[in-house]
Amino acid sequence: MKIEMKNISKAFGANKVLEGVDFAVESGEVHALMGENGAGKSTLMNILTGLYGDDGGEILVDGQPTSYSGPLDAEQHGISFIHQEMNNFLEMSVVDNMFLNKEIKNKFGMINEDKMRKQAREYLSKLGTNIDVDKPIGTLSVGRQQLIEIAKSIMTDAKIIIMDEPTAALTENEIEQLFGVVNELKKQGVGFIYISHRMEEIFKIADKVTVMRDGISVNEYMTKDVDMKQLVRDMVGREIGDFYPDRDPHFGKTILSVKNLTEKGVFEDVSFDVHEGEILAFSGLMGAGRTEIMRAIFGIDHYNSGEIYLDGKKVKIKDPESAIKHRIGFLTENRKDEGLILADSLRDNIALPSINGFVKHGLIDDKSVDDFANLLMKRLTVKAMNEQVTAGSLSGGNQQKVVLAKWVGSGSRILILDEPTRGVDVGAKREIYDLMNELTDRNVAIIMISSDLPEVLGMSDKIAVVYEGKISGIVDTKGATQESVMTLATGGADNARAN
Amino acid sequence: MQEQTKSVEAEKAKGFDFKKFVGKMGPLLALIVLVILVTVLSPGFIQPNNLLNLLRQVSINAVIAFGMTFVILTGGIDLSVGSILALTGAVTATLLSAGISPVIALLAGIALGSLLGFVNGLLIAYGKAAPFIATLATMTIFRGATYVFTNGNPITGAKMNDSFLFQFMGRGYLLGIPFPIFIMAIVYLVLYLLLHKTTFGRKTYALGGNENAAFIAGVKTKMVTIWIYTISGLMAAIAGIILTSRLSSAQPDAGTSYEMDAIAAVVLGGTSLAGGKGRIFGTLIGALIIGTLNNGMNLLGISSFYQQIVKGIVIIIAVLLDRKSNDK
Amino acid sequence: MQEQTKSVEAEKAKGFDFKKFVGKMGPLLALIVLVILVTVLSPGFIQPNNLLNLLRQVSINAVIAFGMTFVILTGGIDLSVGSILALTGAVTATLLSAGISPVIALLAGIALGSLLGFVNGLLIAYGKAAPFIATLATMTIFRGATYVFTNGNPITGAKMNDSFLFQFMGRGYLLGIPFPIFIMAIVYLVLYLLLHKTTFGRKTYALGGNENAAFIAGVKTKMVTIWIYTISGLMAAIAGIILTSRLSSAQPDAGTSYEMDAIAAVVLGGTSLAGGKGRIFGTLIGALIIGTLNNGMNLLGISSFYQQIVKGIVIIIAVLLDRKSNDK
Amino acid sequence: ACGKSGLDSGDSGNSKVEKKSPKDLKVGVSLSTQSNPFFVSVKKGIQGLADKKSTKVQISDAQNDTAKQNNDIEDLITKKVDVLIINPVDSSAITPAVKDANDAGIPVITVDRSADGGKVLSLVASNSTKGGQMAAKFMIDKLGNDAKIAELQGIPGASATRERGKGFDNAAKDKLDIVAKQTAGFDRAKGLSTTENILQGNSDIVGIFSQNDEMALGAVQAVKAAGKEVTIVGFDGEDDGIKAVKSGKMAATVAQQPEEMGRLALQAAYDHFNGKTVKKSIESPLKLVTTESLNK
Ligand SMILES: Nc1ncnc2c1ncn2[C@@H]1O[C@H](COP(=O)(O)OP(=O)(O)OP(=O)(O)O)[C@@H](O)[C@H]1O
Ligand SMILES: Nc1ncnc2c1ncn2[C@@H]1O[C@H](COP(=O)(O)OP(=O)(O)OP(=O)(O)O)[C@@H](O)[C@H]1O
Ligand SMILES: [Mg+2]
Ligand SMILES: [Mg+2]
């Protein structure tokens, strides 16, 4: 099967997203699609699978002009799309999710659950997992849900599988597993469109790569003929130089000190210190419990025992409000669910944690809120028409900057950043790194959770590694290597050997 | 919020058993406790005669609530069921009084109910009106239409009482069991199969769980929505026929505020108002809880003023026990 | 869904102007069209006297709907306002009849309304009950309590009519303008400032837009929720006082189904039932639309049967024009 | 189960009355509503007499819902009461319940409204149609022929609405000019706003006939606020209504005597179980109460 998209254009109202994109993929190859946040990658795929109509251009399948009426139609013609945002029914069981709208029926038109279960198990075991198919899918980790999505694709006998940032939520192990499956299927003649912001993955898995910028496809390469620098230049339109800016840290006094923090069954005996001007990275496998530790510190979740000291004084943080009063900020890993109020304006989003500071005579001083939001948006180079547009109208990377702006604006002395660059393009990533440096220069302490090991090594001063809810080691970034961190992340030397 | 997160964790911690247990058995346990309580306080309650009585009383609310279950599972709501009941009842009664064959009159009533439900579905699926406000508006319109149609008078024709078939619907007995109970049982069975054993049922859950995802999975969300409100209208029409037959007359204000009892039955049965979660078995239990409360308090001779207070408190207790934390 | 996506696109396309224009001006345009229509059909409508009349009639629904706006902005709903109105009215009237000082009696009524609203807030914030079902239950409970308290009789004491202050609330005039209009205006002003100019207002929007994100941004979501239902209860109490004073008597069944009119006013005013989006100015317009409809149709002598139909159709048209596509 | 199939409306023959004294009697009462003072008074009448004679009564309130009333009565039959006093929400819809009671051999006495079918021992009521006529006559006498008046109607379809309206309209035909007829649902608040709006459209009306006192009292407020002189005639004679008539705010009301109705109904039950024959129809007297008659 060969798909050619020619001269595709698409505008959302005045926002011209695609202005003549060419892209082609055929059976048995992995073709990566890259581009900044908002470049239109997902949109292009939505047009291919018929979810959106296009404004111009043509789609040829095996040379025939084709247009699918919708995702189901595309799927029935062998094109399966694993969306960037997972489309699961959290309350429904795994098997019901997998077979939704393609249930197996018996001769009375009733659903044949046994047969569906059997098939579901079969396909999941092909991916090397034995998930309980009767569990509601919402109780599974995001990684496992992603695997189920993939199983769903395979189940449809797809000839072309589109993966839109499939690894954003996977663990290293799961990524390896996924790549194994991709290579296996490739041999069987399945073609892949692979969208990702992670450079190293592109070079590992893709045969070809196409870069999009400014609504057109800039270049197409064979992966073996291109290097990272070139791709970045194509995507961003300029040199970024080093991926990670140089850090020149100056530590001040200990600002936050956590002692023996424990929540039974989630994390245990967590102790660490952070200094002014320091970036402490939290590394570990997905599900290690890093997020949970930070949620507890920030007062979102409960903990059974342990103490938290700020500037040497013991504090009790009972909810986020009191955390904010103690000048702690928390950029959550999930900006849509926990970071932003999508229907509210950028201004209201940015000002929310510090809104109490804008009250004059009992009323909000709107003028200074506007100025405040504007200033921060300029400083963080948020791309938006003005501060009044809704947060939901921005691209992912810009949304992330808005969340960052709100915590910078609230005057945080301690910033917890949970996966600050997940799903963010290289250009924006670099801007976020620069900002982190600037903040630490101003004595802010940063705790950065990241599953991206190069990022951890490139941007932190110290690394705390979490394994199954316990800190298995805190090491200086200087002298640490991917291998040494991974060893700790998988439970230390013993475990590493056992594996 | 803090606790909300915790309760989610707690559920996760205990695998799924506790939640399943409370979710599935909670309403049933509540019903059993209630039945025991009422029996102790008023032994007359447990007599076969009274139980048949109770079931017959429950049947109207139950039939409406079964339809409402589908609606609520999609995250919607149907406030117009009471008005649909009244209008279909009035039309059926008028046709009967005009001497039309009872089979045709009954089918006409059912067709009309489905049509009115279909209109709700259209407004919601294509008009994109919020279900609450769309059915609030049609509730008013259908009620007004009932008044216009009946000119405000109850409809009682001699011919209506000539039809054995029609009278049988609400007042008949089969093997000593009131016929409305059979209707309720049949409707339950059909809707149970529809919800749990057909693709339509799966789509209903999917629509309520995540409309966007359902659309992407190729579910014709609009069609499903329209069908679901049509079913709800159909159920209201069946309830209307039972009621009209039981009363031997169609009242223009019949069914007023029945939507609240139906919604209460659905929610008591553990179905989430946010959609995507729930079972029709729960609705049956919910309707029985409400019926037992009404019947029991009548037997106990509790003043109607206090009955209202008790009913409200029972609903609150049941819902608090269930702690549907993420409903809106 | 597809079209839904497209309509979102369309909005974004034209920058923000069209959306803002329809969102802000749509209800107002509808009101203007309606006023012109009624004036042409019945010239008596536009007389100052009738307009004052109309505003006075609107005041009760408007005051309740102002409170309801906050509730709906958080994605909640308050079905108990009618019952709170009745109970506070009855208690105030009883205190007055018992010869208690009018100032104290009025304050007691207001305090009671706030308390009842507070209970709703507790059930929803800490009990995590869905607002619909929690307030459905308290609606029943408060109504039952009103009947118990009044024993089903209206409360009319001679002493009640002795109090100038109390009589003034509903029947007084200031500068030739009925006092309830002043109350409505003051309540509007206070709540307008609260919603649009204070941190509490911002938190209300944030809570309705995304409860999780609001909590993490330091909003005490439970506190805000409780306050909001308290405000709604307080508004119902104020409406109860106006009504009781106007009628010179507290009726046990006062306020029945007022919640529906209030919700209709809020939604007609463009506030989304899904929460997070809307303005109190819209609610004022919504209440005026409903009031104009009622008053106009009465002037035109339209039969009450048809009045219901017309009202329902107007709501549907208004909502369809507004196309709140993402409401649930 | 007995395996019976068919309908449940077969009348069983009247068995002989077993004599019972008031204090051995179990009386079931089903009232249409308790949120209306009129029916609260009916209850008071029954309860008062029952307390005096130590009769056990159980009272249920149908909240104006015909279906609920049927359920209530079924429940009372289950409790094996000796006699049922029913104040129907609707005369036609009560028929099946009456037949159920007939089947169970329980005598039925209806109050205020009749039952269209089934066997009823006695109906205690005042003649609403006649009451409507009385009101019309009063207004004609007071306002003269062709006076412009308005009529406030009760809940559409309720028997009181129909009968009072019928009596009034027939008697007023060609004599009074009814320029506006609007429903205000027997509700005081609605009576007020509806009257306000009627006055707006018809500022020249001189009289208002209201099908109950509640609406009339609402009309009183509206008329007062408009600074008009309008002759308001109500119906029922409830406490607030009588007070308003006494003070001249209302010109008259057609007074029923609800407490008396309740008493008469229970007395009929006593008589029946005392072996006396009870009249098929017991009329509870109506009285036109006017400002003059009260202040004489
Ligand atoms: N349904 C929509 N309505 C309006 N605008 C949209 C819609 N979907 C996408 N856009 C806009 O189209 C542009 C491209 O979005 P798209 O999601 O395709 O980007 P992307 O390349 O996938 O970015 P990312 O890497 O962040 O996933 C963005 O500016 C986005 O705001
Ligand atoms: N949606 C979910 N449903 C069920 N369990 C979950 C869910 N998300 C996380 N968990 C569980 O919670 C624990 C911690 O999860 P989480 O993935 O947030 O840890 P983490 O170390 O912060 O990882 P990361 O930051 O990479 O996401 C794990 O046991 C995980 O399986
Ligand atoms: Mg994308
Ligand atoms: Mg995490």
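**Close-up views of domains, ligand and chain interfaces**

In this predicted model, the centres of domain 1 of chain A and domain 2 of chain A, taken over C-alpha atoms, are separated by 31 Å.

**View 1. The two domains of chain A and the surface they share.** Chain A is divided into domain 1, which covers residues 2-236, and domain 2, which covers residues 254-489. Where the two touch, domain 1 of chain A contributes 17 residues and domain 2 of chain A contributes 16 residues. About 1,300 Å² is buried between these domains, and carbon and sulfur atoms give 57% of that area. On the side of domain 1, A:Asn37, A:Glu172 and A:His197 together supply 37% of the area buried against domain 2, which is more than any other three residues supply.

**View 2. Polar features and composition of the domain boundary in chain A.** Across the interface of domain 1 of chain A and domain 2 of chain A there are 0 salt bridges, and the count of residue pairs in polar contact, both at pLDDT 80 or more, is 1. The elements of chain A that give two or more residues to the domain 1 side are helix H7 (199-205) and helix H8 (228-236), and H8(A) provides the largest share of that side, with 3 residues. By class, the residues with which domain 1 of chain A touches domain 2 of chain A divide into 7 nonpolar, 5 polar and 5 charged.

**View 3. Ligand 1 and its surroundings.** Ligand 1 lies between chains A and C, and of the 19 residues around this ligand, those that come nearest are A:Asn37, A:Lys41, A:Ser42, A:Thr43 and A:His197. Two of the listed distances involve backbone atoms of chain A: an oxygen atom of ligand 1 is 2.9 Å from a polar backbone atom of A:Gly38, and an oxygen atom of ligand 1 is 2.8 Å from a polar backbone atom of A:Lys41. A side chain also takes part, since a nitrogen atom of ligand 1 is 3.1 Å from an N or O atom in the side chain of A:Tyr52. A:Asn37 and A:His197, which are among the residues that come nearest to the ligand, are also among the three residues that supply 37% of the area that domain 1 of chain A buries against domain 2 of chain A.

**View 4. A salt bridge between two helices of chain A.** Side chains of opposite charge can pair when their charged atoms come close. A:Lys401 forms a salt bridge with A:Glu431, and the closest N and O atoms of the pair are 2.8 Å apart. The pair links distant parts of the chain, 30 residues apart, with A:Lys401 in helix H14 (residues 396-409) of chain A and A:Glu431 in helix H15 (residues 426-441) of chain A. Over all chains, the count comes to 61 salt bridges.

**View 5. The interface of chain B and chain C.** Chain B and chain C each bring 55 residues to their contact, and they bury about 5,000 Å² between them, with 74% of this on carbon and sulfur atoms. Across this interface there are 0 salt bridges, and the count of residue pairs in polar contact, both at pLDDT 80 or more, is 0. Among the elements that give two or more residues to the side of chain B are helix H1 (2-13), helix H6 (131-150) and helix H11 (221-247) of chain B, and H6(B) supplies the largest share of that side, with 13 residues. The chain B residues that touch chain C divide into 31 nonpolar, 15 polar and 9 charged.

**View 6. The interface of chain C and chain D.** This contact takes 33 residues from chain C and 25 residues from chain D, and the area buried between the two chains is about 2,200 Å², of which carbon and sulfur atoms give 43%. In chain C, the residues that lose the most area to chain D are C:Arg246, C:Leu247 and C:Asn298, which together account for 24% of what that side buries. There are 2 salt bridges across this interface, and the side chains of C:Arg56 and D:Glu196 meet in a salt bridge with an N to O distance of 3.3 Å. There are also 14 residue pairs in polar contact, both at pLDDT 80 or more, across the interface of chain C and chain D. The elements that give two or more residues to the chain C side are helix H3 (48-73), helix H11 (221-247), helix H13 (280-299) and helix H14 (304-322) of chain C, and H3(C) gives the most, with 5 residues. By class, the side of chain C that touches chain D has 10 nonpolar, 19 polar and 4 charged residues.

Note on methods: Residues are numbered from 1 along each chain as its sequence is written. Chains are lettered from A and ligands numbered from 1 in the order in which they are written. This is a predicted model: local features need pLDDT of at least 70, side-chain atom pairs count only at pLDDT 80 or more; totals for chains, interfaces and linings use all residues. Side-chain values use heavy atoms; hydrogens and water are left out. Contact means heavy atoms within 4.5 Å. Buried area is the accessible area (1.4 Å probe) that two parts lose on being put together, summed over both. A salt bridge is a side-chain nitrogen of Lys or Arg within 4 Å of a carboxyl oxygen of Asp or Glu. A polar contact is a pair of N or O atoms within 3.5 Å; within protein, one must be able to donate a hydrogen and the other to accept it, and residues adjacent in sequence count only if both atoms are side-chain atoms. Helices (H or I, at least four residues) and strands (E, at least two) are DSSP runs, numbered from the N terminus. Ala, Val, Leu, Ile, Met, Phe, Trp, Tyr, Cys and Pro count as nonpolar, Asp, Glu, Lys and Arg as charged, and the others, Gly among them, as polar. Domain bounds come from an automatic or database domain assignment. A residue is near a molecule or strand if one of its heavy atoms lies within 4 Å of it.
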